[in-house]
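Please walk through the following structure, beginning with a single loop position and then widening the view to the whole chain.

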Amino acid sequence: MIRQYSYWAILTLLLLALFQSMAPESSGQTPVSNAEPKKESVENLSAVEIISRTHLAFFYAGDDMRASVSMSLINKDGKTRQRELVMLRKNSAAGGEQKYFMYFYKPDDVRRTTFMVWKYPAKDDDRWIFIPAVNMVRRIAASDSRSSFVGSDFTYEDVSGRELTADNHTILRDEKLPASPSGGNDKSCYVIQSIPETKADYTRKIAWIDKETWLPLKEEYYDVQDKLFRLFTADKIEKIIIKKEKAEGTKDKEPEEYFWTITKRTMKNIKTEHRTEVTYTKIEYNLGIEDALFTESNLKEPPSKWIK
């Protein structure tokens, strides 16, 4: 019994890393919908303003969101390990507190495992995990944000968002990136350099920010020798339409509302040639997810309508 508990205790720590990949740090900013783009000129934006908009577009789209997530960990020989889950997010305050609920389908040894995070702007987040093999809910302490999660090439900060004030941001230039493999036109980008002012796993980062969507299209991470050691790419971006029920008696067609979303992203370790690919499908925004979902009791028996 002691050996079994130790195994699951270790598994708990490993799962925490994967689950936090959907839990961004708060930016303290008001969420911005791509459905209603800003009309003012953006030519004179500062580097901090650009990064702020990117943070919101990348991590705070919609009032809430549900998606199916597939993560592939691929080594240089092509061997793959797979993770599959459903992720739900709810913003309880503009640019502030958030709640996350994760339900694992694969691999088989963690099926029905659930994880919940309550994120706060100015203190450590609260986390709980349900381990079906021992029928137990456990409270989990926060882990180091710069650590790798589940052996992947993403760190906690990569997938949860780094504080905007943790780096010194500078605009280097404007530049066009070639169209992605999934198609489309060349993208006009701001190229931003970020140099850490607090601890980080890089000495500088160069990011290409799409001027249309405010999403990061590419990020280069440099080590202490100023050599490129990790590379992030947004491999596919899609317009996710917000589904609405037409009011009875309405004749005029309502304006289409949507959020630009990175539906496939890759982080590659240049030195080891290992990479992690994350794909989002069945993405829906503004579903009206209830606060009541994010409770300890639902970890054991999550409502089927939200995890299918």
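Ala-179 sits in the loop that runs between strand 7 (167-177) and strand 8 (187-196). The model is a predicted one, and in it Ala-179 has a relative accessible area of 33%, which makes this residue partly exposed. Leaving aside residues up to four places away in sequence, Ala-179 touches Gly-184, Asn-185 and Asp-186. A pairing across a greater stretch of sequence can also be given: Asp-235 is 56 residues from Ala-179 along the chain, while their C-alpha atoms are 9.8 Å apart in space.

The loop belongs to a protein with five helices and 13 strands. Of its 308 residues, 49% are buried. Among contacts with a separation of 6 or more, 56% join residues 24 or more positions apart. The accessible surface comes to about 15,800 Å², and carbon and sulfur atoms account for 49% of that area.

Helix 2 covers residues 47-59, and its length can be checked by simple arithmetic. At 1.5 Å a residue, its 13 residues should span 18 Å; the C-alpha atoms at its ends are 18 Å apart, so the expected and modelled values agree. Where does helix 2 lie with respect to the rest of the structure? It is largely enclosed by it, because 11 of the 13 residues of the helix are buried. The buried set includes nonpolar residues such as Ile-50, Ile-51, Leu-56, Phe-58 and Phe-59, but Ser-52, Arg-53, Thr-54 and His-55 are buried as well.

In soluble globular proteins, nonpolar side chains tend to be buried together. Which members of the largest nonpolar core touch the most other members? They are Met-87, Phe-232 and Tyr-285, in a core of 50 residues. Helix 2 gives the most to this core, contributing seven residues. Apart from it lies another core, of 11 residues, with Met-116, Phe-130, Ile-289 and Trp-306 among them.

Confidence should be weighed alongside these features. The mean pLDDT of the protein is 81, and 75% of its residues reach 70 or more. Over residues 1-41, however, the pLDDT is below 50, although this stretch has 104 contacts in the model beyond near neighbours in sequence. Where pLDDT is low, the predicted coordinates should not be read in detail.

How values were computed. Residues are numbered from 1 along each chain as its sequence is written. This is a predicted model: local features need pLDDT of at least 70, side-chain atom pairs count only at pLDDT 80 or more; totals for chains, interfaces and linings use all residues. Side-chain values use heavy atoms; hydrogens and water are left out. Helices (H or I, at least four residues) and strands (E, at least two) are DSSP runs, numbered from the N terminus. The expected span of a helix is 1.5 Å times one less than its number of residues. Buried means under 20% relative accessible area, exposed over 50%, partly exposed in between (1.4 Å probe, protein chains only). A nonpolar core is a set of buried Ala, Val, Leu, Ile, Met, Phe, Trp, Tyr and Cys residues joined through side-chain atoms within 4.5 Å. Contact means heavy atoms within 4.5 Å. Accessible areas come from the Shrake-Rupley method with a 1.4 Å probe; for residues, only the protein chains shown count as cover. pLDDT is the predictor's confidence in each residue, from 0 to 100.
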